[in-house]
Amino acid sequence: MKIFRISGGIHPKGNKELSAEKAIEPVPMPSVLRIPLQQHIGAPAVPIVAKGDVVKKGQLLAIARGAVSAPVHAPTSGRIVAIGRFVAPHASGLPGATITMRPDRRDEWGERLPALDPATAEPSALAERVGSCGIVGMGGATFPSAVKLNLRSRHALHTLVINAAECEPYLTCDDRLMRERTDDVFDGIRIMAKALGVAKVLIAIEGNKPEALAALTGAARATGDKSVAVVKVPTRYPMGSEKHLVQTLTGLETPARALTADIGIVVHNVATAYAVYKAVRLGEPLISRIVTVSGKAMVRTGNFEVLIGTPIHHLISHCGGHVEEPARLLLGGPMMGQPISSTRASIVKGSNGVLALAESEVPSGKTMPCIRCTACVVACPCGLAPFDMAQRIRNDELDGAVKIGLLDCLSCGSCAWVCPSHVPLVQYFNYAKGKLTAEQRAKHKQEETKRLSQFRDMRMDKLKKAKQEAMAKMMAEREAKKKAELAEAADEAKVTE
Amino acid sequence: MSMATPLGGPFTHSGASISRTMTLVMAALLPATIFGLYQFGWPAIFLFLVTVVSAVLAEFLALRMAGKPVMPFISDGSAMLTGWLIAMSLPPWAPWWVGVLGSFIAILLAKHPFDGIGQNLFNPAMVARTVLLISFPVEMTRFVAPMPLGSADAPGFISALEITFGLGSHFDAMSSASFLGSVKTQLGQAERLPDILASGYHPFALAFGTVSGSTGETSALFLLAGGLFLLATRIISWHIPIAMIITMVALSGIFHFIDPNHFLGPVMELSSGTFIFATFFIATDYVTAPSTPLGKLIFGAGVAALTFLIRTFAAYPEGVAFSILLMNATVPIIDHTIRPRIYGRTRKGVPIQHKPK
C-alpha cells in the first residue's frame, strides 16, 4: 500500500528491547484497589454503590453522566471500604473522587451481560455495549469509545484506522497484545468496523514491530477479509498522532479545528479494539489493561495485565522495585507521559506504561538561550515555529502565540526533544494553553453574569411596564366606571324627571 | 511568566547541545584552517591564537558586565567560534591588535548589546570584518603571497613574532593584492579579463587556495568539504548554500555570457574571495538567518545577488560581508512575512477545505 510522507517528526531511541520480548503476565491481587471516577475525558462517573457494599467482579460501581462520560466497574469481587477523594494518577497530585475496595480474593464474577453476535446485532447495539462496558480510548487519550462509534449518525464515514503505531519509546503493551492475542484483537477490530458501518479498515503498525505486523497480517489472511489491510508505517514519532497517522495512510490532511471524522475516517487504538472484543463477545466490562513496566531503574521490566485501580507501588514492587532511585517516574511514555506524583495513585484505563528512568536515561542539559537553530521548526509535525511561540509566551504575548498557531500544537514534544538549548518548549505551551483556558472560562463566566444581569434588568423593565400598564388599565377602568355611573345617574335623573 | 508547574515532558532528549553544534562547526573549519595556517606560516598562527583568545576574553568581560553566569556561556563554544571565524577572515599577517580589535568589536559591539547569544541581529564576525575594513583599510587589504611553513621564504618563529606583534617594518616588500582586488584594479585600467587572467591566475589555484587572501577563505575546496560535512551532520540545512550558489552562478553566468571581457564567470566567482566560506559558515549562522526554509532561500539568494552587485559594480572588490549584514537586517521582515504552513491550514492560516466527494 502507498504510504504518504508527513512533514516533521523525530526518531527518538526506542528502548523497546527492554520489554518487547516479555510475555504478558498477570499481577497478584493487590490488597486494595482504588478506582478513580474520572478515568476518561468528560464528566466523572457517578457512584451507585455505598461504603460497606459487597460487590461482584464486573459489577457497575458508577454510571456515566452526560453525553461524554464512561461508567466504572468493579475489577474484582470484594467490599467497598471508602468513597472519597484520593490522590489521582495525574502530575498535579491533586485528589479526585475515588472508590476504594478491598478484594475478597475470590474474584467472583457477578452477572455478566449476554454475548452479542456482531453479525446480527444492530450497529447501535454494538456501540451501546461498548459504552455500557466503560470502554475509553486506551492509547492514553481516554475519549469514551462509544461516542466515537456513534459518529456515523453525523458523518459520512468510509474508513476505520486502527492506531497500533505505538510510537512512544519504551512502550510495548500494544505490541505484546497484538502478538499474543491476535485473533481476539482482530475480532474486536472487525466488530468496530461493523459498528461504524465502514467499508475499509487500515491497521497501522510501525515497522519496528515485525512480529505484530506478521501476526495481524496472518489473521487478516486467515479470515479472507479483503476490507482489512495491515499497513507498515515508518517508525517515526509522533506517528501515533491521529491526524498524522491518517495522512500517512491516506494522504488526506485533516483541516484545522476539525475531526478526522469530517473527512470520513475514525481512528481507534488497538488496545481499545481488544476491550471491544471482550465487551461484545464475552460481556466483560473494561476492568483491566496491559501495562508496560520499563526503564533502567526497574529491577524487572515487562508487560502486565493489571486490574484497573491497582496502586502503582504494587506493580513496581511486583517487579522487584528499583535498581537505583529513579531519576524520573512516569505514567505513559517519555515523550508525552506524566510524572507520577505519588505511587499510591492507581493504574487507570488510559495508563499504558509505568517507567522508572535511571539518571543515565534522562536529559541533563541546562537550559540555554534559544539560538534560533530552527531544529524545532524542522521537527514540528504541525508546521509551527515553536521557538517563536515560546518567545511570545515569554513576553506575555499570548494573543501573538495564538496567532502563529499555539492552539494547533499537539504538545508532542518533538521540538523540545531536538532543542540544543534544552528550552522546555512544551511547558511553555502547556502553561499558555492552560492560561488561555482559564481566561476563556473567566470570560465566559463574566459574559454569563452580564447576560444574567441584563436578563434581570429586562425582566424588571417588563415587570415595571406591566405594572404601569395594569395601573393604567385600572385607572381607565375606574374612569370608565365613574363615567358610566355618572351617565347612569344622569339617566336615572332623566327618568325621574 | 512563571514556570511553577511541575516539570513536564519530554523526558528524553536527542542529546543535541549548543556546544556540540559549535564543536562540529569548528571541526568542519579545521581542514581549511590547517591549510591556511600552513600556507601563511607563523604570523598567521599567532594572529589566529590572539584572535580566538581575545574573543573568549571579550565574552568573559561581557558576561561579567551583564551579570550573567560565566561558565555555562563561556563553555558553549560560541565566542571561540566567533574568534575563529574572524581570524579566518583577516589578512594572515595582520598585526595582533587587528585581531584583538576584531574580536572585541564582534563580542562587545555586535553580540552582547543585543543581550548575547541568540539575540544579535547582525553576524558578529561580519560586523567585525566590516568595521575593521572601513576603519583600517590599509591593514585589512595587505595580503601576502602564500609561503608555506618550512619553505625558503617563510618567516621563522622569531621573525613571525616581529610581524604579528612588532611594528611590521619589513612587511611592505611582501604584500600582494588578493585575486578579486587585482582583477578590479586591472579592469579599472581598461584591461580585458582574458588578458588579466592569462597573467597567471588559474581556476585550480583559486579553488585549492594557493593564492593570496585571508587565512581561511582562500581554499574553496577545503571549505566546501567542511560545508558538506555540516550538511551531512544536519548542523546546517541546504537551503541557504544552494540558494547562494545557484544565484551566484546564474547572475555571473548571464553577465559573463554577455560580456566575457569584463565579467568573471561562475567558476571564478565561486572559488575566489570569501564566497564559499560565507556560504557554509557565515550566512548559515542560525541567529542571524531566517527561520523557515523559504525564508532561507530568499535570504541566500539575496546575499549572493548583493555580493555579485557589489563585486561587479561597486568600489569594493569583495562584497560578501556587506551583503550578509544587509540581508541580516531583512531577517525580521522575512520571518514576519514568511511563516511555515500550519498543519490543516493554508499558508494564509485558514483551515483547508476538502472537496466533497
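Student: What makes Phe308(B) count as buried?

Tutor: In this predicted model, the relative accessibility of Phe308(B) is 1%. Buried means under 20% relative accessible area, so Phe308(B) counts as buried.

Student: Why is Phe255(B) called partly exposed?

Tutor: Phe255(B) has a relative accessible area of 26%. The class partly exposed lies between under 20% for buried and over 50% for exposed, so the value of 26% places Phe255(B) in it.

Student: Why is the aromatic pair of Phe255(B) and Phe308(B) called tilted?

Tutor: The centres of the two rings, Phe255(B) and Phe308(B), are 5.2 Å apart, with 50° between the planes. Rings pair if their centres lie within 6.5 Å, and tilted is the class left when planes are neither under 30 degrees nor over 60 degrees apart. Both conditions are met, so the pair is tilted.

Student: Which parts of chain B does this pair tie together?

Tutor: Phe255(B) belongs to helix α12 (residues 239-258) and Phe308(B) to helix α15 (residues 293-313), so the pair ties together parts that are 53 residues apart in sequence.

Student: How do you know which class the pair of Phe48(B) and Trp84(B) belongs to?

Tutor: For Phe48(B) and Trp84(B) the distance is 5.3 Å centre to centre and the angle between the planes is 90°. Planes over 60 degrees apart count as edge-to-face, so that is the class of this pair. Phe48(B) sits in helix α1 of chain B and Trp84(B) in helix α3 (residues 78-88), 36 residues apart. Both residues are buried.

Student: How many aromatic pairs does the rule give, and which residues form a cluster?

Tutor: The count over all chains is 16 aromatic pairs. Ring pairs join Trp42(B), Phe46(B), Phe157(B) and Phe165(B) into a cluster.

Student: What makes the meeting of Arg341(B) and Glu253(A) a salt bridge?

Tutor: The side chains of Arg341(B) and Glu253(A) have an N to O distance of 2.9 Å. The cut-off between a side-chain nitrogen of Lys or Arg and a carboxyl oxygen of Asp or Glu is 4 Å, so the pair qualifies as a salt bridge. Across the interface of chain B and chain A, the rule finds four salt bridges.

Student: Which helices of chain B supply at least two residues each to the side that touches chain A?

Tutor: They are α1 (18-66), α2 (70-74) and α16 (320-337). By class, this side of chain B has 21 nonpolar, 13 polar and seven charged residues.

Student: How many residues does each chain bring to the contact?

Tutor: Chain B brings 41 residues and chain A brings 58 residues. The area buried between the two chains is about 4300 Å², with carbon and sulfur atoms giving 62% of it.

Key
Residues numbered from 1 in each chain as written. Chains lettered and ligands numbered in written order. Predicted model: local features only at pLDDT ≥ 70, side-chain atom pairs only at ≥ 80, totals over all residues. Heavy atoms only, no water. Contact = heavy atoms within 4.5 Å. Buried area = accessible area lost by both parts, 1.4 Å probe. Helix = DSSP H or I, 4+ residues; strand = E, 2+ residues; numbered from the N terminus. Nonpolar A, V, L, I, M, F, W, Y, C, P; charged D, E, K, R; others polar. Phe/Tyr/Trp six-rings, centres within 6.5 Å; stacked < 30°, edge-to-face > 60°. Buried < 20%, exposed > 50% of the residue type's maximum accessible area, 1.4 Å probe, protein only.
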